[in-house]
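Reader: Can you walk me through this model? Short answers, please.
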Amino acid sequence: MNRRVPISNRIIAFNVLFTLFLAVIALGVYTLATKEIVMEDDTPMLAAIRYFMLAAVSLVGVGIVNIVLPVWVRVFTGRGAMTLTDRGIEDTFVIFNLLAFWTTLRIRLVPWEAVDCDAITPELIKVDVSKIPGKSAGIVAKLMLRIGGFNPYIGKTDVNELMALKLIVSKSEYNERICQ
C-alpha cells in the first residue's frame, strides 16, 4: 500500500504568498544595491546604513527561500506532502519557524508505532520520537515533532484518516503474526 498525499491548498496558498514576498524582497535588494537612496533631508543614505539594510533584507529573503523552494519542488515534482505506506508516514516535512525565519525540515519516516492521537490538540498527531529510526529526521525535526507533534494538514488528509490507516496496518500485521 503506497498512497501519496498531495500538498494542501492552504500550504500552496501560503507558499504563493511567501513567493510574492520574496519578489518584493528581491526588488528591495536590487533597489538598495543599485540606486541612490535619498533620505528625507535630501542627503544620500549612508553606506553603513545601506549595507546594514542590504544584509537584513537579504537574510530575511534567504529564510523565505528555505521554505518556498522545497515546497515548490514537492508541488512540481509530484512528491506531495507525504506518502502513506505499510511502514508509516514517509517522505514528509514539518514547517519550522522562529521569529521571521521559516524553513521546512524533511522527515524520511515516521513509523506507525510512533504515531498516536493527541488528546489535548486533536488536529495534531503525537509522535514518539524515540521510535523514529536514527537517520530519518534531523535533530531539529525531531525536536519539532517532540514539542509540536506532526500536523497532517500539510497534506490533503486529516488525523482520523491517518489513525484509521494505522489501525488497518496494525490489524494486518497482527493477523500475519497469528497465521504464521
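Author: Here come a helix pair, one residue and a pocket.

Reader: Ground rules before that?
Author: This is a predicted model, where local features need pLDDT of at least 70, side-chain atom pairs count only at pLDDT 80 or more, and totals for chains, interfaces and linings use all residues. Residues are numbered from 1 along each chain as its sequence is written, and side-chain values use heavy atoms, without hydrogens and water.

Reader: How do helix 1 and helix 2 cross?
Author: Helix 1 spans residues 9–34 and helix 2 residues 47–77; their axes come within 9 Å and cross at roughly 150°. Helices here are DSSP runs (H or I, at least four residues), and strands are too (E, at least two), numbered from the N terminus. Axes are lines fitted to C-alpha atoms over the stretch in contact, and angles run from 0 to 180 degrees between N-to-C directions.

Reader: Which residue classes make up the contact of helix 1 with helix 2?
Author: That contact has 22 nonpolar, four polar and one charged residues. Nonpolar means Ala, Val, Leu, Ile, Met, Phe, Trp, Tyr, Cys and Pro; charged means Asp, Glu, Lys and Arg; the others, Gly among them, are polar.

Reader: Take L22. What does L22 touch?
Author: L22 sits in helix 1. Leaving out residues up to four places away in sequence, L22 touches G61, I64 and V65. Contact means heavy atoms within 4.5 Å.

Reader: And how far apart are the C-alpha atoms of L22 and V62?
Author: They are separated by 8.9 Å, with the two residues 40 apart along the chain.

Reader: New topic. Which strand gives the most to the lining of the largest pocket?
Author: Strand 3, with five residues. A pocket is an open set of points on a 1 Å grid over the protein atoms alone, where a 1.4 Å probe fits, with protein on both sides within 12 Å along at least five of seven lines; lining residues have an atom within 4 Å of a point.
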